[in-house]
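Open the model in your viewer and keep the selection panel at hand. The stops below say what to select and what is there.

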Amino acid sequence: LSQLPGWSVRPDGSIVIATGNDDVLGVYTCTPYNSYGTAGKSQPTRVLLKDPPAFTVRPKEEYFQEVGRELVIPCTAHGDPPPTVTWLKVGSTGKSGAQMDGNSSLIFRPLVKEQHGVWECTATNQVASVSTATSIHVLGTSPHAVTNVSVLPLLLAANISWEPGFDGGYFQRFSVWYTPLVKHPPRAHHDWVSLSVPVGAQHLLVENLQPDMSYQFSVLAQNKLGSGPFSQIVTSVPRGFPVTTVPPEPPAMTMRVFLSPPQALTANETVRGVLLQWEPPAQFSVALSGYALELRQGKGGWEVLDRSIPSTKTQVLVPGLIKDAFYEFRLVAFAGSYISDPSNTVNVSTAGMEVYPSRTQLPELLPQPVLAGVIGGICFLSVAVIFSTMAACIMNRRRAARIQKRRRDPPLVFSP
């Protein structure tokens, strides 16, 4: 064995081969012995070399497909002996509903909302087992349930936070639902109270709760196609005022964030589109991060038109509106993870307006030399018009005076 690199014998008599190659092929026997001799050889054992599974075609990392359509995801592998390929949805407890064709490809016919998630392709033979995963995003559905809901009990309040689920391919909003565990007969069917969550937020402070009373909390996601399932219900007890006979310690300094909504939102029609102008929030205790513009057409719901307006801007141009339609606009301000209440709402009717390019942008300012030339040209034309008008008036007056003088002078008479 000393002549074979990587071969060794353990104290218990086992042989260790660090790297398998053609040198290990063959039939082996083991002969134990001591100072009295040996009882003979063991039964022969044959060593064979086999290949573990290896993927020849891997699925892509992500797939996006509309609900109700067909989706085929390939996954093939080879090995010695040939491996068996299986598909399984990660986190699924029951039947995954996966179908495979003769090439081990995963087939969804048709694709449904419940098949959204991470799927794992596994190739297995007698030597080893290998796996690869892919994420399937089912578009055109209601939102999925939020996850990791947590409740932080506060003084007569609770702070609820969560992680959003997949939005189904559309913008989603959230609402927090809560109820006390003590049921009151008059309100037996109206215990749950819902609170809307500001756009873009993943937490909400629920205030005015009763101290030392258990509350249940849940979060609901909604998009334009409807509501998703409620999240898991979390129970928490808000803190009450401490009862003590000793003077309380000074409260710790806490920073309360003030963020009022944008002010004086106005809309004006220009040759390039509808120009929205506003004033920054009157109160904000932390630096502004930016603004988000929301739009509602007719009696539809509010949608985010632009969520990346810089905090230094106080106006934005909105082209691309549909002709002969009615719109409503409003703004919200961002400061870190905090979102203000919406600003005042302005109404815009596009009846008789032209259709503008479909790109929201800030109005561009003319360069100063060009602007000065335009102003100078306008002033020159104004002066020329004034002088022309004055000259015309003077000429008309002189002509009228000559005509009147001719009428007063007697005619000349010549006699022979």
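**Stop 1: salt bridges**

Select Lys-50 and Asp-80: these two form a salt bridge, with 3.9 Å between the closest N and O atoms. Lys-50 sits in the loop between E6 and strand E7 (51-57) and Asp-80 in strand E10, so the pair ties together parts that are 30 residues apart in sequence. A salt bridge here is a side-chain nitrogen of Lys or Arg within 4 Å of a carboxyl oxygen of Asp or Glu. Strands (E, at least two residues) and helices (H or I, at least four) are DSSP runs, numbered from the N terminus.

Before moving on, note that this is a predicted model, in which local features need pLDDT of at least 70 and side-chain atom pairs count only at pLDDT 80 or more, while totals for chains, interfaces and linings use all residues. Residues are numbered from 1 along each chain as its sequence is written, and side-chain values use heavy atoms, leaving out hydrogens and water.

Lys-50 is partly exposed, at 39% relative accessible area, and Asp-80 is partly exposed too, at 30%. Buried means under 20% relative accessible area, exposed over 50%, and partly exposed in between (1.4 Å probe, protein chains only).

The structure holds 5 salt bridges. Next, select Glu-70 and Arg-109, whose side chains meet in one of 2.4 Å, N to O. Glu-70 lies in the loop between E8 and E9, and Arg-109 in the loop between strand E13 (106-108) and E14, so this pair ties together parts that are 39 residues apart in sequence. Glu-70 counts as partly exposed at 42%, whereas Arg-109 counts as exposed at 54%.

Now go to Glu-328 and Arg-296, a salt bridge with its closest N and O atoms 3.1 Å apart. The pair links distant parts of the chain: Glu-328 is in strand E29 (residues 326-335) and Arg-296 in strand E26 (residues 290-297), 32 residues apart. Arg-173, Glu-294 and Arg-330 are joined into one network by salt bridges that share partners. Back at the pair, Glu-328 is buried at 14% relative accessibility, and Arg-296 is partly exposed at 23%.

**Stop 2: the disulfide**

How many disulfides does the structure hold? There is 1, counting a pair of cysteine sulfur atoms within 2.5 Å. Select Cys-75 and Cys-121, which it joins with an S to S distance of 2.0 Å. Cys-75 is in the loop between strand E9 (71-73) and strand E10 (76-80), and Cys-121 is in strand E14 (residues 117-124); the pair, 46 residues apart, links distant parts of the chain. The link is left-handed, with -90 degrees about the S-S bond.

Are these two cysteines buried or exposed? Cys-75 is buried at 0% relative accessible area, and Cys-121 is buried at 0%. For two other cysteines, select Cys-379, partly exposed at 44%, and Cys-393, partly exposed at 41%.

**Stop 3: two sheets**

Stay with E14 and show its sheet: 4 strands form an open sheet in the order E8-E15-E14-E11, with mixed pairing. Strand E8 (62-66) and strand E11 (84-89) are the edges, each pairing on one side only. Two strands pair if DSSP finds at least two bridges between them. E14 and strand E15 (residues 129-139) run antiparallel and are joined by 8 bridges. To see one position, select Glu-120, whose bridge partner in E15 is Ala-133.

Then show the open sheet of 3 strands, ordered E24-E25-E28 with antiparallel pairing. Its edge strands are strand E24 (263-270) and strand E28 (315-318). Between strand E25 (residues 273-279) and E28 there are 4 bridges, and Leu-276 stands opposite Val-316 in E28.

**Stop 4: an alternating strand**

Select strand E20 (residues 203-206) with side chains shown. Leu-204 and Val-206 point to one face and are buried, while His-203 and Leu-205 point to the other and are not. E20 runs antiparallel to strand E17 (residues 157-163), with 4 bridges between them; Ser-161 stands opposite His-203.

**Stop 5: the helix**

Finish at Phe-387, in helix H1 (residues 368-408). Phe-387 is exposed, with a relative accessible area of 55%.
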